[in-house]
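Let's work through a few exercises together. Keep your viewer open and try each task before reading its solution.

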Amino acid sequence: MPDNAKKMRRAPTQKRSRERVQNILKVACDLIAAQGSDGMKMGELAQKAGVSIGSLYQYFPDKASVIHALADRYNDESRHCIEEAFSQVTSGQTLITAFDQLIDIYFDLFLAEPVICDIWTGTQADKTLRDMELEVSRENGALLARKITQLRGDQTIQASVSARCLLIMNMGEATMRLAISVPLDEGREIVASYKRMVRSEITDMLGVK
């Protein structure tokens, strides 16, 4: 968990310690799903995870560090999902189709996982999470830019498409936050509108007439 090490007081190295941290995070997910991150208390988390409060603080100095670790985990899962989808792309049309499907998967995940909703709805109130979101958008945008460059067969365009791909990815996060904050039917329309805009932008970057 190298990305979490700067937030955690002690990064787990042994298998038993890693399992303990994973259990703590699982219990934290359950608590957040039931009562929101604001309602989660470190004492309750320690009790339900079956560890002493001292042991909990050895890994997580405060509640914010738990939230950051969960955000890191979901970001890693998201990146893996994107990488896997892009690995199957062989043409401009399959890229557009793959990205379209990723948007649907991501929206369904937001709807199904209250923890993700809770974490990212509060992103704008936490500078560290805002910075994390921007970095994730850059990394995911770079994946898209590389794939477009590869399909175009022209390495000189990567710099020009990078900013546009960053925008697509960052707008995706904002779109999901908005879509889950309104009634479901309206949220689906918002997502559908975002998908249309992304299709148009990707098509333009691919140079498809």
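Helices (H or I, at least four residues) and strands (E, at least two) are DSSP runs, numbered from the N terminus. The model is predicted, so local features need pLDDT of at least 70 and side-chain atom pairs count only at pLDDT 80 or more, while totals for chains, interfaces and linings use all residues. Residues are numbered from 1 along each chain as its sequence is written, and side-chain values use heavy atoms, with hydrogens and water left out.

**Exercise 1. Place Asn75 and Gln22, and decide how accessible each one is.**

Step 1: Asn75 is found in helix H4 (residues 63-87), and Gln22 has its place in helix H1 (residues 15-39).

Step 2: Apply the cut-offs: buried means under 20% relative accessible area, exposed over 50%, and partly exposed in between (1.4 Å probe, protein chains only).

Step 3: Asn75 has 4% relative accessibility and therefore counts as buried. Gln22 has a relative accessible area of 33%, so Gln22 is partly exposed.

Step 4: Look around Asn75. With neighbours within four places in sequence set aside, Asn75 is in contact (heavy atoms within 4.5 Å) with Trp120, Met132 and Val136.

**Exercise 2. Describe how H7 and H8 pack.**

Step 1: Two packed helices are described by the angle between their axes and the distance between the axes. Axes are lines fitted to C-alpha atoms, for helices over the stretch in contact, and angles run from 0 to 180 degrees between N-to-C directions.

Step 2: For helix H7 (residues 127-152) and helix H8 (residues 158-180), the angle is about 130° and the axes are 7 Å apart.

Step 3: Angles under 35 degrees count as roughly parallel, over 145 as roughly antiparallel, 65 to 115 as roughly perpendicular and the rest as oblique. H7 and H8 are therefore oblique to each other.

Step 4: Among the residues that make this contact are Leu144 and Ile148 of H7 and Val161 and Ile168 of H8.

**Exercise 3. Find the best-connected members of the largest nonpolar core.**

Step 1: A nonpolar core is a set of buried Ala, Val, Leu, Ile, Met, Phe, Trp, Tyr and Cys residues joined through side-chain atoms within 4.5 Å.

Step 2: The largest such core has 61 residues, of which Leu45, Phe60, Phe99, Leu144 and Ile202 touch the most other members.

Step 3: Helix H5 (residues 92-112) gives the largest share of this core, nine residues.

Step 4: Follow Ile202. Beyond its neighbours within four places in sequence, Ile202 is in contact with Leu95, Ile96, Phe99, Leu144 and Ile168.
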